[in-house]
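Here are my notes on this one, written as I went through it. Have the viewer open while you read.

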Amino acid sequence: KDIQYIFSMYYDKLEVARFDSNLGKYVGYTEFGVKNAERWNKDPSEISGMRAQRETYCLTNVGIDYQTV
């Protein structure tokens, strides 16, 4: 639970939207991002896929990173 997966989307150097694994949903930062975040949050397959990314990417690599340090 200490590990957080963040997937940010940028357009023209401006963060539009972000998926935060601690929140378990997308958050929009612009008008366009808010509309897309609402649409993505309504899709259960999108949310479950992004939650799985935390387990797939972060949790498998955290042991490798701690061994290196």
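1. Overall burial. Of the 69 residues in the protein chain, 26% are buried. Keep in mind that this is a predicted model. Along the principal axes, the C-alpha trace spans about 40 × 30 × 15 Å.

2. Layout. The protein chain has 2 helices and 3 strands, and reading along the sequence gives β-β-β-α-α. As for contacts with a separation of 6 or more, 24% of them are between residues 24 or more positions apart.

3. Strands 1 and 2. Strand 1 (residues 6-11) runs antiparallel to strand 2, with 6 bridges joining them. If you want a landmark for this pairing, Phe 7 stands opposite Phe 19 in strand 2. The hairpin leaves 2 residues between the strands, and Asp 12 takes a positive phi there, near 55°.

4. Strands 2 and 3. The pairing of strand 2 with strand 3 (residues 25-28) is also antiparallel, and 4 bridges make it up. Ala 17 has Gly 28 in strand 3 as its bridge partner. This hairpin has 4 residues between the strands, and Gly 24 is the one to look at for a positive phi, near 75°.

5. Strand 2 as an enclosed element. How many of the 7 residues of strand 2 are buried? The count is 5, so strand 2 is largely enclosed by the rest of the structure. I'd keep that in mind for the points on the core and on Asp 20 below.

6. The nonpolar core. Ten names to select here: the largest nonpolar core has 10 residues, namely Tyr 5, Met 9, Ala 17, Phe 19, Tyr 26, Ala 37, Trp 40, Ile 47, Met 50 and Cys 58. Strand 2 (14-20), helix 1 (31-42) and helix 2 (44-68) each give two or more residues to this core. Helix 2 supplies the largest share, 3 residues. In soluble globular proteins, nonpolar side chains tend to be buried together.

7. Cys 58. This core member is worth a click. Leaving out residues up to four places away in sequence, Cys 58 touches Ile 3, Gln 4, Tyr 5 and Gln 53. Of these neighbours, Tyr 5 is also on the core list.

8. Salt bridges. A search of the whole structure turns up 2 of them. One pairs Arg 18 with Glu 15, where the closest N and O atoms are 2.9 Å apart. Is Glu 15 buried or exposed? Glu 15 is buried, at 16% relative accessible area, while Arg 18 counts as partly exposed at 24% relative accessibility.

9. The helix 1 pair. The other salt bridge joins Glu 31 and Lys 35, with 3.6 Å between the closest N and O atoms. Both residues lie in helix 1, 4 residues apart, or about one turn of the helix. Glu 31 counts as exposed at 60% relative accessibility, and Lys 35 counts as exposed too, at 53%. Side chains of opposite charge can pair when their charged atoms come close.

10. Asp 20, the one I'd look at twice. Asp 20 is found in strand 2, and it is buried yet has no salt bridge. Which side chain of opposite charge is nearest to Asp 20? That is Arg 18, 5.4 Å away. A salt bridge needs the side-chain nitrogen within 4 Å of a carboxyl oxygen, so that distance does not qualify. What Asp 20 does have is a polar atom of its side chain 3.0 Å from the backbone nitrogen of Asn 22. Beyond residues up to four places away in sequence, Asp 20 touches Gln 4, Tyr 5, Ile 6 and Lys 25.

11. Ser 48. Moving on to helix 2, Ser 48 has its place there and is partly exposed, with a relative accessible area of 42%. A polar atom of the Ser 48 side chain lies 3.2 Å from the backbone oxygen of Ser 45. Measuring tools aside, the computed C-alpha to C-alpha distance from Ser 48 to Gly 33 is 19 Å, for residues 15 apart in sequence.

Key
Residues are numbered from 1 along each chain as its sequence is written. This is a predicted model: local features need pLDDT of at least 70, side-chain atom pairs count only at pLDDT 80 or more; totals for chains, interfaces and linings use all residues. Side-chain values use heavy atoms; hydrogens and water are left out. A nonpolar core is a set of buried Ala, Val, Leu, Ile, Met, Phe, Trp, Tyr and Cys residues joined through side-chain atoms within 4.5 Å. Buried means under 20% relative accessible area, exposed over 50%, partly exposed in between (1.4 Å probe, protein chains only). Contact means heavy atoms within 4.5 Å. Lys and Arg count as positive and Asp and Glu as negative; His and the chain ends are not counted. A polar contact is a pair of N or O atoms within 3.5 Å; within protein, one must be able to donate a hydrogen and the other to accept it, and residues adjacent in sequence count only if both atoms are side-chain atoms. Two strands pair if DSSP finds at least two bridges between them.
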